[in-house]
Each structure stands twice: as structure tokens, then as C-alpha cells.
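The report below treats a single structure, beginning with its cysteines and moving on to its backbone and its largest pocket. Please keep the sequence and the model in view while reading.

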Amino acid sequence: MPRPLLILDRDGVINDAPTNGNRYILKASDLILRHGVIREIARIQNFGDVAVATNQQCVGKNLISEVELNSLHRIIDDAVVKEGGRPLQYFICPHLESDGCSCRKPNPSLLKEAMDHFHCHDPSHTLFIGDKASDQRAAELAGIPFLLVSDPESTLAALSQFQSI
């Protein structure tokens, strides 16, 4: 039986959403990790796989390079490893919303790519947690369960439900 798969949106789930009029996380000082969430990710990796599916049109707007984006993800990974977990697998759409690509959520491509990567072909063994309607729609189109979160407390509550999948 394959390990269950947890897919997380990044901004607003793993880290605080951008604030102060910023629409994007562009540098390390913008990245405010939710440490309780990081601990839960490491715990979940004891019995399941964890992936991140995130729209990052800041790359398409040339506000940040893919190398810089990967550096931000290394900060997340380092925090997860410090808590006893493993680096995460990231599935990213770098395109502009206006590009009409097939990978940008609410399209389900990133979620399906994560499921394929982890050989998790049973949607009932997958959960997607996000903070936007586009995340919810992507989950619906992929046929996988979804939990909508709005703050660190609701995210922790959603993560605690993952053990029952």
C-alpha cells in the first residue's frame, strides 16, 4: 500500500502570506515560517509523503529568479530537517496568470504531478491543504480531498486530521 500523500500550498499554509502591501515572498526576510506547521510536516513524514504545490508568478514577472526561489525553499527544507523531517518536493507554476498555462492552480496539474511523483494514484490517500478558492478548485478537479485554512491554528487543525486518511 502506498504511503499517504499530503500536498500543501506554500504561502498562507507553510509560511505567513505576504503582508504590508507585498504580493510576493521575494527574500528570506519575507519568509515567516509557521513553526508549528513545520513540526507537523516532520511528524507526518514518519508515515506519509509531503509535497508543496504553489503558484509563483513572481518568477514569471522577473521579480525573483528560480535560483532565488529555490533558496527560499531551502530555508523551509532546513527548518523541516531541523525538526527531524526530510526536504520537501516542490511543484511550482512560475507562469503569469495571463499566460493561460495548464499548470497554474486552479488547474489540477501540479497536484496530479505530485501524485504521480509519489506513485499515489488513489485520491482517497491524498489530502491537499490550501488557503484560497483556487486551491480548493484544483483539488476538486484532481478529485482529491481538500481542507481550506485561514490562519496558523486552522492549518494545525487540518494537519492533525491527516493521520486519519
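## Cysteines, backbone and largest pocket

Cys 58 is buried, because its relative accessible area is 0%, where buried means under 20%, exposed over 50% and partly exposed in between, computed with a 1.4 Å probe on protein chains only. This is a predicted model, in which local features need pLDDT of at least 70 and side-chain atom pairs count only at pLDDT 80 or more, whereas totals for chains, interfaces and linings use all residues. Residues are numbered from 1 along each chain as its sequence is written, and side-chain values use heavy atoms, with hydrogens and water left out.

A search of the whole structure for disulfides, defined as pairs of cysteine sulfur atoms within 2.5 Å, finds zero. Cys 58 is accordingly in no disulfide, and the nearest cysteine sulfur, that of Cys 93, is 11 Å away. Cys 120 also counts as buried, at 1% relative accessibility.

Most residues other than glycine have a negative phi, and most peptide bonds are trans. Two residues that are not glycine have a positive phi here, as tabulated below; the elements named are DSSP runs, with helices (H or I) of at least four residues and strands (E) of at least two, numbered from the N terminus.

| Residue | Phi | Loop | Relative accessibility |
|---|---|---|---|
| Asn 62 | about 60° | between α2 and α3 (66–82) | 69%, exposed |
| His 119 | about 55° | between α4 and β4 (126–130) | 57%, exposed |

The peptide bond from Lys 105 to Pro 106 is cis, with omega near 25°, and Pro 106 belongs to the loop between β3 (89–93) and α4 (109–117). The C-alpha atom of Lys 105 is separated by 7.9 Å from that of Arg 137, although their positions lie 32 residues apart along the chain. Arg 137 is in helix α5 and is partly exposed, at 41% relative accessible area.

The largest pocket holds about 430 Å³ of space. A pocket is here an open set of points on a 1 Å grid over the protein atoms alone, where a 1.4 Å probe fits, with protein on both sides within 12 Å along at least five of seven lines, and lining residues have an atom within 4 Å of a point. Of the 18 lining residues, Arg 23, Tyr 24, Asn 55, Arg 104 and Lys 132 are the closest to the centre of the pocket. Two or more lining residues come from each of β2 (49–55), α2 (57–60) and α5 (133–142).

Technical notes: Grid points are joined across faces, edges and corners, and a volume is the space filled by probe spheres set on the points.
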